[in-house]
Amino acid sequence: MSVLKIPDGGGDNITLLEVDGCLYPNSNIEDPVDIIKGVRDLPIRDDDVFVCAYPKCGTHWVWEMVRLLLSSDTDTVIEKDELMLEFIKGKVLEKFPSPRILNTHCFVEQLPRGVFEKKCKIIYILRNPKDMAVSLFHHHKKLICYEYKGKWENHLSLLMDGKVDFGSFFDYMKDWAAVGKTHPELPTLTLMYEDLKEDPLTGIRKLAKFLNVEKSEEFYHKVKDLTSFNKMKEAKGKFFKAPDGSAVMYRKGEVGDWKNYFTVAQNEAFDRLYKENMAGCDINFRYSLK
Ligand code: A3P
C-alpha cells in the first residue's frame, strides 16, 4: 500500500491510495487498507442487493431508488456511502438489517466471493463517459482528500490513462459488459443514466420488477419525486460538502454538460481513444437528450 501523488497533464498532482495495484481515494477513514483488502471475504447474505457503477455514473441516485422500493421508508435520510464496500468495515455493515443495499465501484472479480455463491441481485449503472469525465473532474476538485488543484484540460489525461481512483473506465466498462458471459449465474439489471433522466418512471418500474417489489403506481410516482435531483440535493447535499459549501455528490445532474467543457480537440482525442479501447464492446451511449 502507498499514497501516490500522480501528476496530470499540466503537472498538478492528484493524491490517491494504491492497494494491491489498484487506485482508491485516500480518504481519512480508519484502516482503509484493511477494509479494501477485506472486501472479497465480506460475509454476504442471500438477499443482499448490489448497486454497481463506475464513479459518477449515478450510483447515489439509483441506490436511493432501490432503497425506497425495498423499504418503502420515505422518512429516513441515509446516504449510500454508509453501505459502500470500499469504505465501511464489515462489522458495521453487519449491523444493517436485510435486505442490505450494498454498493461499490469495484470490478466484477473484486466483488465479495459470497456474491457469486449466493447469486445476489446486481444493478449495474452506465453513464456516457463524457458527462462522467466532467463529473469526475469536479469530484476530484471538490473533495479535499484528492488534494487536486488542476484544470479541466489537464485532468482528462488522468482519466484517459486510468490514473484515477477505481482505475481505467475502459477496463471497467468492458469488464461489466461481459458479466452476462463471465457470470451468467448473477441476476443483473443494467440501467443507463440517460434513460433514467429521460424517463425515470420506466426505470423505477424496471427496478421494482427486478427486485420483485409490487407497489402502486402512486408509490412509483412518489419514488420518482423523492429521487429527483433537487429533492435529493436538498435532503442529502449536506453529507459531502466541498470547502466552497457546494454539495459534492449533487452537482448538476444533467445529460450533455460535457459540451460545456470538451474542446473540439479533446472531443476528437476522446472519441479516438474510446474507439481504440472499446473495439468489440459496443455500448450505445447517448451523449445528449432531445
Ligand atoms: P454531475 O456531476 O454531472 O452533476 P455518483 O452518484 O455515481 O457519484 O454520480 C454522481 C452524478 O450523478 C453527479 O453528476 C450527480 O449530480 C448525479 N446525480 C446525483 N443524484 C441525481 C439525481 N437524483 N438525478 C440525476 N442525477 C443525479
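How do the residues lining the second largest pocket divide into nonpolar, polar and charged? Keep that in mind. I will come back to it shortly.

A word on the source. This is a predicted model.

Let's start with the sheet. It is open, and 4 strands form it. Their order is S5-S4-S6-S7, and the pairing is parallel. Strand S5, residues 101-104, and strand S7, residues 188-192, stand at the edges. Each has a single partner strand, so one side of each is left without a neighbour in the sheet. On average, neighbouring strands are turned by 20° against each other, direction ignored.

Now look at S6, residues 121-126. S6 pairs with S7 over 5 bridges, in the parallel sense. One pair to find on your screen: Leu 126 has Met 192 in S7 as its bridge partner.

Next, the helices that cross this sheet. Helix H7, residues 169-177, lies across S4 and S6. H7 runs at about 140° to S6. Helix H10, residues 200-210, lies across S6 and S7, and runs at about 170° to S7.

Stay with H10. Which of its residues are buried? They are Pro 200, Leu 201, Gly 203, Ile 204, Leu 207, Ala 208 and Phe 210. What do they pack against? Two strands, S6 and S7, and three helices, H2, H9 and H11. Just after H10 comes Asn 212, with a positive phi of about 55°.

Now the empty spaces. The whole structure has 1 cavity of 30 Å³ or more. The largest cavity holds about 60 Å³ of space. Its lining includes Tyr 124, Leu 126, Phe 169 and Met 173. S6 and H7 are the elements that give two or more residues to this lining. By class, the lining has 10 nonpolar residues, no polar ones and 1 charged one.

On to the pockets. The largest has a volume of about 910 Å³. It is lined by 44 residues. Lys 56, His 60, His 139, Val 248 and Met 249 lie nearest its centre. H2, H5, H9 and H12 each supply at least two lining residues. The classes here are 22 nonpolar, 13 polar and 9 charged.

Finally, the second largest pocket. Its volume is about 250 Å³. It has 14 lining residues, and among those nearest its centre are Arg 67, Ser 71 and Ile 101. H2 gives the largest share of the lining, 4 residues.

Back to the opening question. The lining divides into 8 nonpolar, 3 polar and 3 charged residues.

Terms used: Residues are numbered from 1 along each chain as its sequence is written. This is a predicted model: local features need pLDDT of at least 70, side-chain atom pairs count only at pLDDT 80 or more; totals for chains, interfaces and linings use all residues. Side-chain values use heavy atoms; hydrogens and water are left out. Two strands pair if DSSP finds at least two bridges between them. Axes are lines fitted to C-alpha atoms, for helices over the stretch in contact, and angles run from 0 to 180 degrees between N-to-C directions. Contact means heavy atoms within 4.5 Å. Buried means under 20% relative accessible area, exposed over 50%, partly exposed in between (1.4 Å probe, protein chains only). On a 1 Å grid over the protein atoms alone, a cavity is a set of points where a 1.4 Å probe fits but cannot get out, and a pocket is an open set with protein on both sides within 12 Å along at least five of seven lines; lining residues have an atom within 4 Å of a point. Grid points are joined across faces, edges and corners, and a volume is the space filled by probe spheres set on the points. Ala, Val, Leu, Ile, Met, Phe, Trp, Tyr, Cys and Pro count as nonpolar, Asp, Glu, Lys and Arg as charged, and the others, Gly among them, as polar.
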